[in-house]
Structure formats: structure tokens, C-alpha cells
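Open the model in your viewer and keep the selection panel at hand. The tour goes from helix pairs to cores.

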Amino acid sequence: MTGSGGGDDGVASSAPKRRRRPEPTPLQRALGLLTRRDHSRLELSRKLQQRGVEPDQADAAIGKLTAAGWQDDGRFAESLLRNRAGSGYGPAYIRAELATHGLGSDVIAAVMDGFEGDWAENARDLLQRRHPQALCGDRDARRKAADFLLRRGFGMEHVRAAMAVE
């Protein structure tokens, strides 16, 4: 009478009696992905195909969800822009990432033009958090901070404005 599996045998033998769930339809799979977070049309198609859905079935399912308002590339782009801008990324980085999601240049331009934040202010906030010594006038620190901001996708005009002495 050991505690290692005496009662488990009964549970294991009853497992085959369980009914298996039916295989989800491509529409159900796509909706499941969209309930977790927004996806671009291209990203959703890739994920469905990775799960064994045929490309034409994936396109049909995504078309239905787009028509019903569940999938919207514009909404996805706005969400990604807000998230990345809030995480300290600049417009060039965000624009490039949006393009990797298969969004058209018109969608990207509309979303970027609609951004209500201030890129220079975002860059300055990032500097205050990550490179505060750059705002004190240390030349090497300023160069290092400028490189950091440029890698993050900010333009030179944003870097200059962020480092301007008040």
C-alpha cells in the first residue's frame, strides 16, 4: 500500500472513455488566435498554415473574420505602434516592423501619420531612463546615447531635440 500510483490505475484506465474534441475548423483556429491578441492578415495566415490549415482555407477563414470585424490590419498596426512607441522605439524601427507583418505602405503611412505622441519627447524620456549622464553634457555619454537612440529607430532630429540642453 504505497502512495505511488495505487489509485492512479483506475484513472488511467478510464481515460479512453473520454470523448475526443473534434478538430477545430480553420475559422475556429483563427478566432482563437485573435482572441489572444490582434494579428495582421499575413501573420494570421502563417500561423494557420503552421497548424496544418491549407492556404485557401486560411484565406477564406481570415476573409470571414475581416468582414465580421475580428481581424483588421489597421487596428493591428495601431496597437503595434502604441506598444513599440511606449517601449521606447522610434518611427524608423516601428515602420520597418510593420512592413515585416505584410502591411501595405498606405496602412503604415496612415498609422504613422495618425500617431499623436511626440517622438522627440519619447526619445528624451528614454534617455532619462537609460542614459541620464548624456543629459549632463558628458561628450562620450552623449555619443553613446545618440548611437543608442539611432539603433532604436529615432532620427537625428529626434536625437538632437532629446539631447538639447534646456
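Select H3, residues 41-50, and H4, residues 55-67. In this predicted model, the two helices pack at an angle of about 135°, with their axes 9 Å apart. An angle in that range falls outside the roughly parallel, perpendicular and antiparallel classes, so H3 and H4 are oblique to each other. The crossing of H3 past H4 is right-handed.

Now show side chains at this contact. From H3, pick Arg-41, Leu-44, Ser-45, Leu-48 and Gln-49. From H4, pick Pro-55, Ala-58, Asp-59, Ile-62, Gly-63 and Thr-66. Colour them by class: five are nonpolar, four polar and two charged.

Next, move to H5 (73-86) and H6 (91-100). Their axes come within 10 Å and cross at roughly 145°. H5 passes H6 in a right-handed crossing. On the H5 side, select Ala-77, Leu-80, Leu-81, Arg-84 and Ala-85. They meet Ile-94, Glu-97 and Leu-98 of H6. By class, this contact has six nonpolar residues, two charged and no polar.

Go on to H8 (119-130) and H9 (139-151). Here the packing angle is about 125°, and the axes lie 11 Å apart. That makes H8 oblique to H9. This crossing, too, is right-handed. Ala-123, Leu-126, Leu-127 and Arg-130 represent H8 in the contact. H9 supplies Ala-145, Phe-148 and Leu-149. Six of the contact residues are nonpolar, one is charged and none is polar.

Hide the cartoon and turn to the cores. Which residues touch the most other members of the largest nonpolar core? Select Leu-81, Ile-94, Leu-98, Met-112, Trp-119 and Leu-149. The core holds 26 residues. Helices H5, H6, H7 (105-113), H8, H9 and H10 (156-163) each give two or more residues to this core.

Centre on Trp-119. Leave aside its neighbours within four places in sequence. Trp-119 is then in contact with Leu-81, Ala-85, Tyr-89, Gly-90 and Pro-91, among others. Add Ile-94, Met-112, Phe-154 and His-158 to complete its contacts.

One stop remains. Apart from the largest core lies another core, of nine residues. Its members include Ala-30, Val-53, Ile-62 and Leu-65. Ile-62 was already picked at the contact of H3 with H4. In soluble globular proteins, nonpolar side chains tend to be buried together.

Terms used. Residues are numbered from 1 along each chain as its sequence is written. This is a predicted model: local features need pLDDT of at least 70, side-chain atom pairs count only at pLDDT 80 or more; totals for chains, interfaces and linings use all residues. Side-chain values use heavy atoms; hydrogens and water are left out. Axes are lines fitted to C-alpha atoms, for helices over the stretch in contact, and angles run from 0 to 180 degrees between N-to-C directions. Helices (H or I, at least four residues) and strands (E, at least two) are DSSP runs, numbered from the N terminus. Angles under 35 degrees count as roughly parallel, over 145 as roughly antiparallel, 65 to 115 as roughly perpendicular and the rest as oblique. A crossing is left-handed if the near helix is turned anticlockwise from the far one by less than a right angle, and right-handed if clockwise. Contact means heavy atoms within 4.5 Å. Ala, Val, Leu, Ile, Met, Phe, Trp, Tyr, Cys and Pro count as nonpolar, Asp, Glu, Lys and Arg as charged, and the others, Gly among them, as polar. A nonpolar core is a set of buried Ala, Val, Leu, Ile, Met, Phe, Trp, Tyr and Cys residues joined through side-chain atoms within 4.5 Å. Buried means under 20% relative accessible area, exposed over 50%, partly exposed in between (1.4 Å probe, protein chains only).
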